[in-house]
Amino acid sequence: MDLLNTLVDKGLRRELPTREEALAVLATSDDDVLDVVAAAGKVRRHWFGRRVKLNYLVNLKSGLCPEDCSYCSQRLGSRTGILKYTWLKPDEASKAAAAGLAGGAKRVCLVASGRGPTDRDVDRVSETIKAIKDQNEGVEVCACLGLLSDGQAERLREAGADAYNHNLNTSEATYGDITTTHTYADRVDTVSKAHAAGLSACSGLIAGMGESDEDLVDVVFSLRALDPDSVPVNFLIPVEGTPLAKEWNLTPQRCLRILAMVRFVCPDVEVRIAGGREVHLRTQQPLALHLANSIFLGDYLTTEGQAGKADLEMIADAGFEVEGAGEVTLPEHRAAAGGGCGSHAEAGCGSSAEAGCGSGCGSHEGGSVCGTAAAAAPAAEPRTDLVAVRRRGAGTDLAPNA
C-alpha cells in the first residue's frame, strides 16, 4: 500500500504526515488493519526497539472534583460509586508506589483530582515526591495535578518531579462539548508552563467521546506542535453515572488504527496505551505493543485494570521486554534536548484514563471512535462486564494490583 510505505518513510525521518494521510489511516478497513500495524510497528521499533516502559498510577486524592468533565467519574456531582478520599499522606503514597515499582514500573504517576493545586497542595506533593525518591533510587516521578498557576511547575521541578501530565483530551473545536468549567486554552497553557519549567511534558488524548476523524487528527497534530515527550492514548471507559456512560463506540481494530495514526504523527515520542485498553483492545492488546512503547501496570485511578502479572506475561509472550530503570526511554536526539525523558525524566502520567481529575490529570478515560462514516461499526454488545470500580490499593486497606 503506497500510503503505508510513505508513512513509514516519513516516520523514520521524523517528518510530519499530511492531514490527509493521517485521516486515511483512520479510514482503512478492518481487512487492512494488520498491514497498518506492521507499518507503524516499523517506526516504533526504529525509535524504541522492543522495549516497553511500565508506569504506575497512585491516586493521591479521589473524587470530590469541582470540574464537570463529561468523561470523568470524579466529576462534579458524580454518582458513580467510586472511592472518595482526600490527600494521602506521603508515607501512604510511597507505600502505594512501592507496589508498582516492585512489579517492574519505572515511573510513578502521582495524580490528584481537582481544578488545580493550591500552594499547600504543591507542598504536599513535594513531600510525597521526596518520600518516594528517598526510598527508590532512580525512580521517575510524574505529577498530574490539574491546571498550574505561575511558579508551581518550577516548585515541582525543584522538589524532584521529572515530568508533568496534562492532556488536551480532544480537539479545540469540540472541547466545549465535553467540559465547560475550564477551556482548551487553559490546558495548553499548563503544558507550556511545565515545558518552560524544565519538566518533561506529557500530554495526550481520549478517543471515543463522539468526536469525528477530523477531531482526532486535529488533537494529535496539536500535540505534535506542543512537542511533549510522551503522548498517552486513552480509550473512553464509559463508567455508569457519567454523561458518556452510553458511548460504547469502539472495536479493537478501531483502537489499533488510532494508535497507528498517533505513532505516524509522533514517531519518536513515548506513545502510551493508557486507560481503556483492557475494555476495548481486549485480546488484541499484544498487537498494540507493536504501536506503543509504554503502558500502565495494574489498576487505574478509579477503575480496575488487568492484573499486573498478566501485563508482564503479555509483554514477554509478545516478544517484547520491560524497559529497565537504567535505560533511556527517548531516542538520543530527544533526550539530549533536555526533555528529560531520558533515563529519568520523561513525560509522565498520561495516565489515567479513567476517572481522573477534573481539569487536572487530563487523563482519564479514553476510547476511540470518530463518529465519521469511516469509523468501524460498534460492537453488537458492549462489554460492560469489563468495567469495574477500583476497590483496592490507594485509599483502601487492601493490597494494590501491581
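Reader: How much area does the protein chain expose, and what share do carbon and sulfur atoms supply?
Author: This is a predicted model, where local features need pLDDT of at least 70 and side-chain atom pairs count only at 80 or more, while totals for chains, interfaces and linings use all residues. Residues are numbered from 1 along each chain as its sequence is written, and side-chain values use heavy atoms, leaving out hydrogens and water. Areas here come from the Shrake-Rupley method with a 1.4 Å probe, with only the protein chains shown as cover for residues. The chain exposes about 13,700 Å², and the carbon and sulfur share is 50%.

Reader: What percentage of the 402 residues count as buried?
Author: Buried means under 20% relative accessible area, exposed means over 50%, and partly exposed is in between (1.4 Å probe, protein chains only). Going by that, the buried part of the 402 residues is 62%.

Reader: Where does I206 sit, and is I206 buried or exposed?
Author: Helices (H or I, at least four residues) and strands (E, at least two) are DSSP runs numbered from the N terminus. I206 belongs to strand 6, residues 205-207. Its relative accessibility is 1%, so I206 is buried.

Reader: How far apart in space are I206 and I237?
Author: Along the sequence, 31 residues separate I206 and I237. From C-alpha to C-alpha, the distance is 9.6 Å.

Reader: How many disulfides are there?
Author: A disulfide is a pair of cysteine sulfur atoms within 2.5 Å. Under that rule, the count is 0.
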